[in-house]
Amino acid sequence: MGQAKIYYDSDADLGVLSNKKIVFLGFGNQGSAQAQNLRDSGISNDQILIANRVDSYAETAKSKGFHVEHDFSTAAEVADVLFILIPDQVQPRVFNEQFSPKLKSDATIVVASGYNVFFNLLKFQPGQDVVMVAPRMIGSSVRSLHEKGRGFPCFVSVEQNGTGKGLDAALALSRAIGATKQGAIASSVREETVMDLFAEQALWPNIIMMFREAFNVLKDAGCSDEALCYEMWMSKEPAEIFERAADDGFVAQLKHHSTVSQYGQLSGSLKLEGGAMREHFKDILYNQILSGKFCEAFSQIEDDLDKEGDTNPLNELYKRSEEMELVKAEKRVRARLAGLL
Ligand code: NDP
């Protein structure tokens, strides 16, 4: 595959944002971080408007000196740029019903994740620009790294170039929120969505399953709950391994392990051909993610995710997970550590 283009501050002209009204829909994790970074980059406070229902998020925005609009139609009418920074599952309803009908025909719409654009769940007008500026960091880090004068990894793309100047807007907005300082990677909603959903639906389920089965096998072999929980995750060893993988290299970090460990890990992994896993991964990628099957099924349960108790499908999954021996054992270990047993 080719190399992705990386955009830096010098590729972006903040001038294209002069006199533009920039509306942030949502002042949560990303909204509060990005709006503050943007203001620190020299965009006037009067150009920025936070659209939020009357509640604590709106109060926080006001306490930080931002102008806040509770009426979404009014916010939509004035927006030259609209950052959609509310949870992904509520975006289609809120955007399509309350923003889309009132937005200017040449507005720039910014998403921080590809999902709703990739699956065509948001209604745009043909003259509008639709861009993705997707930080690869939680909101608090987007803010704290910017405050320290550092950047953060970010994906950027133009998905609809209604004005013909979508890239200029995307880069200026990326720079304004601090995303081009370290380099913003050219990507697409397809790439971002596929990688996210693949990690969530293929990679991590298998990792969870492998931990579950490893736990069961070792427990049957006589290992104690305490020893297993600490050996497998509570010591934070896996976190350290991944930190070293990020710093030193995915395989090179093995050099920090004992010789027995290095030999065991390398010989063991190279012996596993992985063909069956590759087919399983492809099945999830093509038949569950790219086919739209997951998106369709998720849309059907979305409303139930706000419910309390067992009728919420997520609560039901948590309840079933509690049947895992690993989870039961961990509960016992934590209770004993807290002196409750
Ligand atoms: P949050 O959960 O922090 O969003 C909270 C904001 O959304 C609040 O302002 C809240 O206001 C508003 N909101 C919630 N429900 C509604 C609703 N039904 N109608 C109107 N406003 C609503 O979102 P994130 O910042 O986590 O995510 C925003 C976007 O950023 C998503 O696309 C996400 O994928 C992306 N992203 C998130 C990352 C993260 O760090 N979490 C990392 C990278 C990208 P109120 O409830 O007061 O109405």
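Q: In this predicted model, what makes the charged end of Arg-39 count as sitting over the ring of Phe-66?
A: The charged end of Arg-39 lies 3.8 Å from the centre of the Phe-66 ring, and the distance cut-off for CZ of Arg is within 6 Å of the ring centre. The charge is therefore listed as sitting over the ring, a label that also needs a position within 35 degrees of the ring normal.

Q: Why is the pair of Phe-72 and Phe-99 called tilted?
A: The centres are 5.4 Å apart and the planes make an angle of 40°. Pairing needs centres within 6.5 Å, and planes neither under 30 degrees nor over 60 count as tilted, so the label follows. Phe-72 lies in helix H3 and Phe-99 in helix H4, so the pair ties together parts that are 27 residues apart in sequence. Phe-72 and Phe-99 are both buried.

Q: Why is the pair of Phe-215 and Trp-233 tilted?
A: The ring centres are 6.3 Å apart and the planes are at 45°. The limit for a pair is within 6.5 Å, and the angle falls between the 30 and 60 degree bounds, so the pair is tilted.

Q: How do you know that Phe-215 counts as buried?
A: Its relative accessibility is 0%. Buried means under 20%, so Phe-215 qualifies.

Q: What makes the approach of Asp-55 to the ligand a polar contact?
A: An N or O atom in the side chain of Asp-55 is 2.3 Å from an oxygen atom of the ligand. The cut-off is within 3.5 Å, so the pair counts. For Gln-91, a polar side-chain atom lies 3.2 Å from a ligand oxygen atom.

Technical notes. Residues are numbered from 1 along each chain as its sequence is written. This is a predicted model: local features need pLDDT of at least 70, side-chain atom pairs count only at pLDDT 80 or more; totals for chains, interfaces and linings use all residues. Side-chain values use heavy atoms; hydrogens and water are left out. Rings of Phe, Tyr and Trp (its six-membered ring) pair if their centres lie within 6.5 Å; planes under 30 degrees apart count as stacked, over 60 as edge-to-face and the rest as tilted. Helices (H or I, at least four residues) and strands (E, at least two) are DSSP runs, numbered from the N terminus. Buried means under 20% relative accessible area, exposed over 50%, partly exposed in between (1.4 Å probe, protein chains only). A polar contact is a pair of N or O atoms within 3.5 Å; within protein, one must be able to donate a hydrogen and the other to accept it, and residues adjacent in sequence count only if both atoms are side-chain atoms.
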